[in-house]
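These notebook entries record what I looked up in the structure. I began with the sheet and then turned to the helices, single residues and model confidence.

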Amino acid sequence: NFMAAEAYKMLRTNIGFSLASIKGCKTIGITSANGSEGKSLCAINLAYTLSLQGSKVLLIDGDLRLPTIAKRLGLNKAPGFSELLTGQTENVIQKTEFSPNFMVITSGSLPAHPSELLGDDKTTTILSSRGKMLDYIVIDLPPINEVSDARNISRALDGYVFVVKRGYSSRSLVKQAIERLRFTNTEILGFVLVDDDKDAVGKYGKYGKYGKYGKYGKYGKYGRDDTESRKE
């Protein structure tokens, strides 16, 4: 709708000003404090909106634990980002029907150690190489408070866009996520407030702590298998 489209255009403009000093391709990570806050939808719409101004944009599903981009856009899940990072294939870019400038790399097959894979120096090299023919790379990343993936890839990013869902994220969890990002020395470009609806208020009490990521955070799909998470 009109309001949503204008909101993403405003986000596009603000990001353009924030990264005006960056020459060449701008690489942006989209993350949140917790899961189910709308970061993947934000990543898709931001990439699409950037492409509408004539910019060549690559959207990457960097959530190698619970990927959603392929399903949302009706694309093949594999081969994708994990196959590219492990050197299995270079042919991973898929085109979309929405814009000729809007390209996608889906997650690919789920790797055994996604955090280490994203944090490898090779990842930075690959993204830099891919970015030579692009204006923007937008990467959908896992939530900060659940696993270290989004922090490990920080060296390859020019900045983060932090998604906060109204009535879902608690102030303490958002603060915790921001403190963790500060250790990466990567800029937080700004915050995106989503689900700005009075009906959303109070959802955190029901789902936020024990929802899809929270409940399974320690032993389930996200695993929390990194040393830092165990210490915390």
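**Entry 1. Strand β4**

Are the faces of strand β4 (residues 102–105) covered or open, and which residues lie on each side? I worked from a predicted model. I found both faces covered. Phe102 and Val104 lie on one side of β4, Met103 and Ile105 lie on the other, and all of these residues are buried.

I then looked up the strands that pair with β4. Strand β2 (residues 57–61) runs parallel to β4, and the pair is joined over four bridges. In this pairing, Val57 has Phe102 of β4 as its bridge partner, and Leu58 stands opposite Met103 in β4. Strand β3 (residues 94–95) pairs with β4 in the antiparallel sense, over two bridges. Here I noted Val104 in β4 as the bridge partner of Gln94. The strands β3 and β4 make up a hairpin, with six residues between them.

**Entry 2. The whole sheet**

In what order do the strands lie in the sheet? I read the order as β3-β4-β2-β5-β1-β6-β7, an open sheet of seven strands with mixed pairing. The edges are formed by β3 and β7 (188–194), each of which pairs on one side only.

For the chain as a whole, I recorded 11 helices and seven strands. It has 232 residues, of which 52% count as buried. Among contacts with a separation of 6 or more, 80% join residues 24 or more positions apart.

**Entry 3. Leu58**

I chose Leu58 as a residue to follow through the sheet; its place is in strand β2. Is Leu58 buried or exposed? Its relative accessible area is 1%, so I entered Leu58 as buried.

Setting aside neighbours within four places in sequence, I listed the contacts of Leu58 as Ile93, Met103, Val104, Ile105, Leu134, Tyr136, Ile137 and Val138. Three of the names on that list, Met103, Val104 and Ile105, also appear among the buried residues of β4. Ile93 is 35 residues from Leu58 along the chain, and their C-alpha atoms are separated by 8.4 Å.

**Entry 4. Helix α2 and Ser40**

Which strands does helix α2 (residues 39–52) lie across? I found β1 (26–32), β2, β4, β5 (136–140), β6 (159–165) and β7. The helix runs at about 170° to β5.

Within α2 I looked up Ser40. Its relative accessibility is 9%; because the cut-off for buried is under 20%, Ser40 counts as buried. Not counting residues up to four places away in sequence, Ser40 touches Thr68, Ile69, Arg72 and Asp140.

**Entry 5. Helix α1**

I checked the length of helix α1 (residues 2–18) against expectation. At 1.5 Å a residue, its 17 residues should span 24 Å; the end C-alpha atoms are 24 Å apart, which agrees.

Which residues of α1 are buried? I recorded Tyr8, Leu11, Arg12 and Ile15. Viewed down the axis of α1, its buried residues fall within an arc of 100°, so they line one face of the helix. The elements that cover them include β1, α2, β5, β6 and β7. On the face of α1 turned away from the buried side, I noted the exposed residues Phe2, Met3, Met10 and Phe17.

**Entry 6. Helix α6**

I repeated the inspection for helix α6 (residues 121–130), whose buried residues are Thr123, Ile126, Leu127 and Arg130. They cover an arc of only 95° around the axis, which puts them on the same side of α6. The buried residues of α6 pack against β2, α4 (81–85), α5 (114–119) and β5. The face of α6 turned away from its buried side carries Asp121 and Thr125, both exposed.

**Entry 7. Confidence**

Finally, I looked up the confidence values. The chain has a mean pLDDT of 84, and 84% of its residues reach 70 or more. Over residues 198–221 the pLDDT is below 50, although this stretch has 42 contacts in the model beyond near neighbours in sequence. The pLDDT is also below 50 over residues 224–232, a stretch with 16 contacts beyond near neighbours in sequence. Where pLDDT is low, the predicted coordinates should not be read in detail.

Definitions and conventions. Residues are numbered from 1 along each chain as its sequence is written. This is a predicted model: local features need pLDDT of at least 70, side-chain atom pairs count only at pLDDT 80 or more; totals for chains, interfaces and linings use all residues. Side-chain values use heavy atoms; hydrogens and water are left out. Buried means under 20% relative accessible area, exposed over 50%, partly exposed in between (1.4 Å probe, protein chains only). Two strands pair if DSSP finds at least two bridges between them. pLDDT is the predictor's confidence in each residue, from 0 to 100. Contact means heavy atoms within 4.5 Å. Axes are lines fitted to C-alpha atoms, for helices over the stretch in contact, and angles run from 0 to 180 degrees between N-to-C directions. The expected span of a helix is 1.5 Å times one less than its number of residues. The arc is that of the directions from the helix axis to the C-beta atoms.
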